[in-house]
Amino acid sequence: MNSINRRSVLLAGLGVAGTGALAACSNSGSGGTGSGSGSNALVSPSGAAVAAAEKKRTGTGRQQKLTLTAAPAVIDLGGGVRPRTWAFDGRTPGKEVRLSVGDTLVAELSNQLPDRTATSIHWHGIALRDDMDGVPPTTQTAVRAGSTFTYRFIADAPGTYFFHPHVGVQLDRGLYAPLIVEDPKETLDHDDEWVVLLDDWVDGVTGTPDEVFAELRQGMGGMDMGGAKFMLMGAESDLLGGDAGDVKYPYHLVNGRVATDPDVYTGKPGKKVRLRIVNAGGDTAYRVALGGHRLTVTHTDGFPVRHREVDALLVGMGERYDVLVTLGDGVFPLVALAEGKDANALALVRTGSGAPRRRRSARRSSTA
Ligand SMILES: [Cu+2]
């Protein structure tokens, strides 16, 4: 039987009991054999119920191994913006991880963050074994500074995902990257792919995400002490049902580039391109459109949906949309309006003859 009790779950959820509660939980869970079936038993991240579900997951047996080193870095966002942040392997976004359905990802996280900062990796949106989901203190103990943890799971759900830490406000640093699970049986017909990663950026420019959080925690009371540095007042959007966020971000990024020095996708007129749009932002929904084009939505959050043609998409934090677009001839802005915040992110699509070579290598081979 699983000995975790309601109080320890609540405390863990509040972060009060911290790792002590989790250690108690996983010790009893991994040793138990009947957990998960009794009416009072909770499913522990490494318990028998998780192992049983995992057994039913079919894999290819292929492994993809990689190392992700989380460490301080000075990154280049374009336009002379070079903030100091925390990043995986010195770059933001981190290097894309691409698997085929059923492959096993073996990712060693090396925590080189400063000031004894613990971390984790959460594989956002993907169905996987709970003990690899990277949500301390609930599904694992946080990975201590100076140590490593190896995530190992079968990715049997095709789709567009991303990953980021799930400790404190670290997801608002530069620690994120796309995770694409390709389906060899995919029936979508397209010539090329472009991953479009959206993010709201503050770190190393006006302050750190921890400083932002500290100010937000003081609420309106803190504003009497000399005004708000990070708090955004009056951001509203009817589309979002009112409140459009609380944080002032100096930059909004597409694929790690500021709007004045954007990422450029170069293609050919008439080609059909699959855009995999990911909102990795912490506090901003984006309204996304490609000038002069209509978008056909094919997937949301990794799942195929009945196709729907739109002229713009509202993408909330953590959401992903796959869309197909048939490219026209010319240069077109991909605009991601920071909904309700009077700011935007920008990338460019160039087609036709005389187009300059792409600066960044986001072009992908077709999966169809
Ligand atoms: Cu997430």
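These legends accompany close-up views of a predicted model.

**View 1. Six strands build an open sheet.** The strand order is β12-β9-β14-β19-β16-β17, and the pairing is mixed. At the edges stand β12 (251-254) and β17 (303-310), each of which pairs on one side only. Neighbouring strands here are turned by 20 degrees against each other on average, direction ignored. In general, strands of a sheet pair through backbone hydrogen bonds, either parallel or antiparallel.

**View 2. Strand β16 meets the edge strand β17.** β16 covers residues 295-300. In which sense does β16 pair with β17? The two strands are antiparallel, and five bridges link them. Pick out T296 and look across to β17: E309 stands opposite.

**View 3. Five strands form another open sheet.** Read the order as β13-β21-β20-β15-β18. This sheet, too, has mixed pairing. β13 (264-266) and β18 (313-315) are its edge strands. Each has a single partner strand, so one side of each lacks a neighbour in the sheet. On average, neighbouring strands are turned by 25 degrees against each other, direction ignored.

**View 4. Strands β15 and β20 run antiparallel.** β15 spans residues 286-290, and β20 spans residues 331-338. How many bridges join β15 to β20? There are five. One residue to find in this view is V288, whose bridge partner in β20 is A336.

**View 5. The loop between β2 and β3 holds P93 and D89.** Strand β2 covers 84-88 and strand β3 covers 97-100. Most residues other than glycine have a negative phi, and most peptide bonds are trans. The bond joining T92 and P93 is cis, with omega about -5 degrees. D89 is not a glycine, yet its phi is positive, near 55 degrees. Is D89 exposed or only partly exposed? D89 counts as partly exposed because it has 16 C-beta neighbours inside 10 Å.

**View 6. A cis peptide bond joins two prolines, P136 and P137.** Omega is about 0 degrees for this bond. P137 sits in the loop between β5 (122-124) and β6 (148-154).

**View 7. R116 has a positive phi.** The value is about 55 degrees, although R116 is not a glycine. R116 lies in the loop between β4 (104-111) and β5. Why is R116 called exposed? Because 9 other C-beta atoms lie within 10 Å of R116, and a residue with 12 or fewer counts as exposed.

Terms used: Residues are numbered from 1 along each chain as its sequence is written. This is a predicted model: local features need pLDDT of at least 70, side-chain atom pairs count only at pLDDT 80 or more; totals for chains, interfaces and linings use all residues. Two strands pair if DSSP finds at least two bridges between them. Helices (H or I, at least four residues) and strands (E, at least two) are DSSP runs, numbered from the N terminus. Axes are lines fitted to C-alpha atoms, for helices over the stretch in contact, and angles run from 0 to 180 degrees between N-to-C directions. A residue is buried if 20 or more other C-beta atoms lie within 10 Å of its own, exposed if 12 or fewer, and partly exposed in between; C-beta atoms are placed from the backbone.
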